[in-house]
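The exercises below ask the reader to work through a two-chain structure step by step. Each task is followed by its solution.

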Amino acid sequence: MDSAVVNAAIEGFLLVFSWPYILYPIAGTLLAMLFSAAPGLNSSSLMALAIPLTYAWDPLPVMLVFGAFVGGATFMGSITAILFNIPGKPSNAVTLLDGYPLTQQGKAKTAIGSAATASALGSTLGIFILILMIPFMRNAAIALGPAEYLMLAVWGLTMLAALAGNSLIKGLVAAGLGFQLAFIGYDPRTAELRFTFGIDYFADGLSLVPVLLGLFALAEVIDLMVSGRATLSGRQKASELSGSVGDGIRSVFRHFPLFVRSSAIGAVIGAIPGIGSSVAGFIAYGHASQSAGARSGFGHGDIRGVIAPEAANDAKDGGALIPTLALGIPGGTGTAILLGVLTLHGLTPGREMLTDHLALVFVLIWSLFLSNWITSLLGLSLVNPMARLSTIRTTRLIPIILVLAAIGAIQYRGLLADLFCAVVFGVVGYLMKRHGWPRIPLVMAFALAPLFENSLHLTLRLHELGRIDFWSRPAVIILLGLIIFNLILPAFLGRLRAIRRQSK
Amino acid sequence: MHQKTWMTLVLTIITLWFLQESIGLSSVASFIPRVMLSLTLFLLIVQLLLDLRGPGLPSSHTAETIDIQEDASIPAVRRMPAWLVILWITVLPGVIWLFGVTAGGSLFCLVFMKWYASETWKTSLVFAITLGLAVQLVFSGILNTTLYGGVIAQVLA
């Protein structure tokens, strides 16, 4: 590696961990944790609020604080997802699929311990990948176009079969319904209104947050009330809870190859601009589910369903800085605000940023690293009081969950109608659960559909104009290989198990 | 009609409705939706035939049911029919629409705990007031965000 990069990395590290500068990322992390633990709020809101406050600051403390904002928010949303089925933000949505069932089995401590460990280590791996990528990042980010995005979406969709549960047809229908819901609203190419049925609310499309809150949080509350379940974990005392933080930490090391693969998926997807924060988690979850085989307990409290999305979500933050710093192309809302902040302080992303201000880039990276570890360590230290929440009587917990879910639904876009939408999806989610229709493929298709549709249209148009040679793009070929691998893997694993059974 | 069939039938009708709605769209805007809707419709018809053919499992045997060992010493909570629970849930957006997030949320908490959970007035009031204060403190006090105030407050203002 270039000695200038190594020197800048050391200089940045020493700056972040020196007194009094270390106070900036610590304060930034605590603020980001508070923001992201509150349903409906996220680090982007905090970053936007902090712009005028930090306008007069020097670039160094600004980098320290904003790096902490990016990193500090990712993990905390997982806590509410695991304990109450309420995702703090869309990227935490995947964690609830297996995290909440673990809470219901009395294993909230294991789930939180595992999430915190995967989160801290995932972010470290993501940052490591980011540092390694710095010398190549300009060329790498330019090489990705709509054809690669399309293949990435198809890759994600090939995992749907593994998430379908007992009935493949029902799983695929649920995915089809996810697509249907994603088509509602303005068509991004023609600006035509599609499937709005004359209702103004549908014009901007359905937001992932109320859909998720309804399908999972509210549906679960309805199920709790119908079944008459006394506590979330089925236990009355915290001492009776099975599982432990140690189990959670060990589970990450027990599934270390999966953790590494999920972190790599997160870092790579984070580096691709405009994909959206939730896609990395969904693809990592799909990959984990598929590689585990049809008989795994995914969706029913499999710890791998917590490790994979948590590792991917945190590794994504490091990856997301690649196009932002190298090309000035933000990967999401948070990095878009960060880009604005950089510009406000006279820092131009691109060659100048990666040569003249490389030490500041590393300040941002180390601040992100520090904040990820602070959130995870704090999360681990709070496991016991948080797990105790799962032993409170449901009759006392339900109104609190409902009000928090309502705030989450309303605050995300500032629309009261999103709460009504969440209630409708709550009923839909309950009916799907009772009648054996899997909800995970619906949510995954809903999250991937815009990427799939836009990329397919762009690729077809560019192909018509002769501006793109689909098969000459190396990333397309690599992703095609992964898609074929995904399609073959279940059959291969099934055959392998059959051979093993015969040999026994 | 078998218990499992009606849901497939409802989903089929919704998909057909979406397909009908796509007729007026331009070819660019409707191409991918039509392909996906047609595939979904095909799968739904297959599922409908499967539902009609077999006796199926009772509704409790679902793909997402989790086997949970519950502590027998915990006092049971009142069970309710699904339609009544859904009615309770739909009260929340109505109350929030009228009174806003803080007051509406607290009022819902009070009513829920008193009449659904059969808690004492004292416990219900303590929970409702604490919830309202916590929401107000965290969202308005610390995070400085504006919470929806309700239609009554808007009219009065």
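A residue is called buried if 20 or more other C-beta atoms lie within 10 Å of its own, and exposed if 12 or fewer do. The model to which this is applied here is a predicted one.

**Exercise 1. Determine which residues of α4(B) are buried, and what covers them.**

Solution. Step 1: apply the criterion along the helix. The buried residues of α4(B) are V101(B), T102(B), A103(B), G104(B), G105(B), S106(B), F108(B), C109(B), L110(B), F112(B) and M113(B).

Step 2: look for the surroundings. The cover over these buried residues includes α20 of chain A, and also α3 and α5 of chain B.

Step 3: follow the chain past the helix. Just after α4(B), S118(B) adopts a positive phi of about 55°.

**Exercise 2. Compare the expected span of helix α5 of chain B with the distance between its end C-alpha atoms.**

Solution. Step 1: take the extent of the helix. Helix α5 of chain B covers residues 121-142, which is 22 residues.

Step 2: compare the two lengths. At 1.5 Å a residue the helix should span 32 Å, and its end C-alpha atoms are 30 Å apart, so the two agree.

Step 3: list what is buried. In α5(B) the buried residues are S124(B), F127(B), A128(B), L131(B), G132(B), V135(B) and F139(B).

Step 4: consider the spacing in that list. An α-helix has 3.6 residues a turn, so residues three or four places apart point the same way.

Step 5: identify the partners. The buried residues of α5(B) pack against α20 (394-413) of chain A and α4 (101-116) of chain B. Just after the helix, N144(B) has a positive phi of about 55°.

**Exercise 3. Decide whether L131(B) is buried or exposed, and state which residues it touches.**

Solution. Step 1: locate the residue. L131(B) belongs to helix α5 of chain B.

Step 2: count neighbours. L131(B) has 21 C-beta neighbours inside 10 Å and therefore counts as buried.

Step 3: name the contacts. Leaving aside residues up to four places away in sequence, L131(B) touches I400(A), V403(A), G105(B), S106(B) and C109(B).

Step 4: examine one of these pairs. Although 26 residues separate L131(B) and G105(B) in sequence, their C-alpha atoms are 7.8 Å apart in space.

**Exercise 4. Describe how helix α21 of chain A packs on helix α3 of chain B.**

Solution. Step 1: obtain the geometry. Helix α21 (residues 417-434) of chain A and helix α3 (residues 82-99) of chain B meet at an angle of about 175°, and their axes are 10 Å apart.

Step 2: classify the angle. Angles over 145 degrees count as roughly antiparallel, so α21(A) is roughly antiparallel to α3(B).

Step 3: find the residues involved. From α21(A) come L419(A), F420(A), V423(A), G426(A) and V427(A), and from α3(B) come I86(B), I89(B), T90(B), P93(B) and I96(B).

Step 4: sort them by class. The residues of this contact comprise 8 nonpolar, 2 polar and no charged.

**Exercise 5. Characterise the whole contact between the chains: how many residues does each chain give?**

Solution. Step 1: count both sides. Chain B contributes 62 residues to the contact and chain A contributes 69 residues.

Step 2: assign the side of chain B to its helices. At least two residues each come from α1 (5-21), α2 (27-53), α3, α4 and α5 of chain B. The most are given by α2(B), with 12 residues.

Step 3: sort by class. The side of chain B that touches chain A holds 44 nonpolar, 11 polar and 7 charged residues.

**Exercise 6. Set out the make-up of each chain.**

Solution. Step 1: count the elements. Chain B has 6 helices and 0 strands, whereas chain A has 23 helices and 2 strands.

Step 2: consider burial. In chain B, buried residues make up 29% of the 157 residues; in chain A, they make up 59% of the 504 residues.

Step 3: read the domain assignment. For chain B, the assignment gives domain 1 (5-53) and domain 2 (89-156). The centres of these domains, taken over C-alpha atoms, are 40 Å apart.

Methods:
Residues numbered from 1 in each chain as written. Chains lettered and ligands numbered in written order. Predicted model: local features only at pLDDT ≥ 70, side-chain atom pairs only at ≥ 80, totals over all residues. Helix = DSSP H or I, 4+ residues; strand = E, 2+ residues; numbered from the N terminus. Expected span 1.5 Å × (residues − 1). Contact = placed C-beta atoms within 7 Å. Axes fitted to C-alpha atoms, helices over the stretch in contact; angles between N-to-C directions. Parallel < 35°, antiparallel > 145°, perpendicular 65-115°, else oblique. Nonpolar A, V, L, I, M, F, W, Y, C, P; charged D, E, K, R; others polar. Domains from an automatic or database assignment.
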